[in-house]
Amino acid sequence: MNLPRTVSWVDGKLVLVDQRRLPDELAFIECDSVESVADAIKSMAVRGAPAIGVAAAFGLAIAAKSGKIEEVRKAADILKSTRPTAINLFWAIERVMRAVESSDDIARAAEEEAIRIMEEDIETNRRIGEIGSSLIEDGMRIMTICNAGSLATVYYGTALAPVYVAWEKGKKLEVIALETRPVLQGARITAFELIHAGIPVKLIVDGAAGYVMKNIGVDLVLVGADRILSDGTVYNKIGTYNLAVLAKRHKVPFYSVAPTSTFDLRSRREDVRIEQRPADEVTKIRGIKIAPEGVDVINPAFDETPPDLLTGIITEKGIIRRPFRRSIKKILGH
Ligand code: MRU
């Protein structure tokens, strides 16, 4: 794999792969204000739960250069209002805020903590890859939705980390990527990064997942997560729930793959806000109108997969299996 890091910190500025421009070009944007970081997250220049968490951490590091704690608190509120579902965003902001609130040198404390979160992300994902690759046998066909790859994190990814590690170990495999409407992270980003890594990938429309499971065969489904509750309920890209139902029907093992920072042990299902995105993501494809003017739209960015549809959850601390509530408690040490 020779992709650049999705998020980096260069001379006090946040540098991001601009994912809005993929797959046409691998371009970068620089953010040197809290507003530009918030805008990058909102507009999905940077996306994927771990990557937005790291980006927000650096947004606070930028605010902390002022040396004023009120500025950092204000920045935290701005960054928290960007996207509501991925818990990693709130987790990373809380971590930096804790470091800042207990330091006399807030600029240094924020920068150091943000760098730590970034470096930990790479190590965690590598570990997830090692653990998850034990499930991948030679010749497997693996289905995934959205992009939970390197470009959704700082490096390696979550759902794609086991694929990268298995491939590195010489296992033959093929990935089936769902295009993932409305904003096509599967087509634009997953297909791009797997081709970049030289890993065989076939792209399908979301509606073809059942056909492929039934007629071609899928050995394993690996998806990411934006938030996982204490009972194992998984919030991930819209369409994940459909895929989990199909996997159960076709007896295909279905795993969510996520770092332990994606777990939210405090919230109940009714507390989780599913982000609703603009209608024109549905009525247009990359700016081209595909629906009649004025049609009403429902555009949830994420859905909820109940734990009874999961085979397990792959984390950097091991694979969580049933009974989920007890195993989650044990692995997270709570
Ligand atoms: O809307 P996005 O592109 O940010 O959604 C991304 C996903 O749903 C991913 O599966 C999830 O964030 C995990 S990324 C490692």
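A biologist and a modeller talk through the ligand site and some backbone oddities of this predicted model.

Modeller: Ground rules: residues count from 1 along each chain as its sequence is written. In this predicted model local features need pLDDT of at least 70, side-chain atom pairs count only at pLDDT 80 or more, totals for chains, interfaces and linings use all residues, and side-chain values use heavy atoms, leaving out hydrogens and water.

Biologist: What makes Lys237 a polar contact of the ligand?

Modeller: The cut-off is a pair of N or O atoms within 3.5 Å. A polar side-chain atom of Lys237 lies 2.7 Å from a ligand oxygen, so that pair qualifies. Arg83 does it too, with a polar side-chain atom at 2.8 Å from a ligand oxygen, while Gly48 uses a polar backbone atom, 2.9 Å from an oxygen of the ligand.

Biologist: How much of the ligand does the protein bury?

Modeller: Taken alone, the ligand exposes 410 Å², and the protein buries 99% of that (Shrake-Rupley areas, 1.4 Å probe).

Biologist: How are the residues of the shell split by class?

Modeller: Eight are nonpolar, seven polar and four charged; Gly counts as polar, while Asp, Glu, Lys and Arg count as charged.

Biologist: What makes the bond between Leu22 and Pro23 stand out?

Modeller: That peptide bond is cis, with omega about 10 degrees. Arg181 and Pro182 are also joined by a cis bond, omega again about 10 degrees. Most peptide bonds are trans.

Biologist: And what is unusual about phi of Lys251?

Modeller: Lys251 has a positive phi, near 55 degrees, and is not a glycine. Most residues other than glycine have a negative phi, so a positive one goes against the trend.

Definitions and conventions:
Polar contact = N/O pair within 3.5 Å; in protein donor to acceptor, adjacent residues only side chain to side chain.
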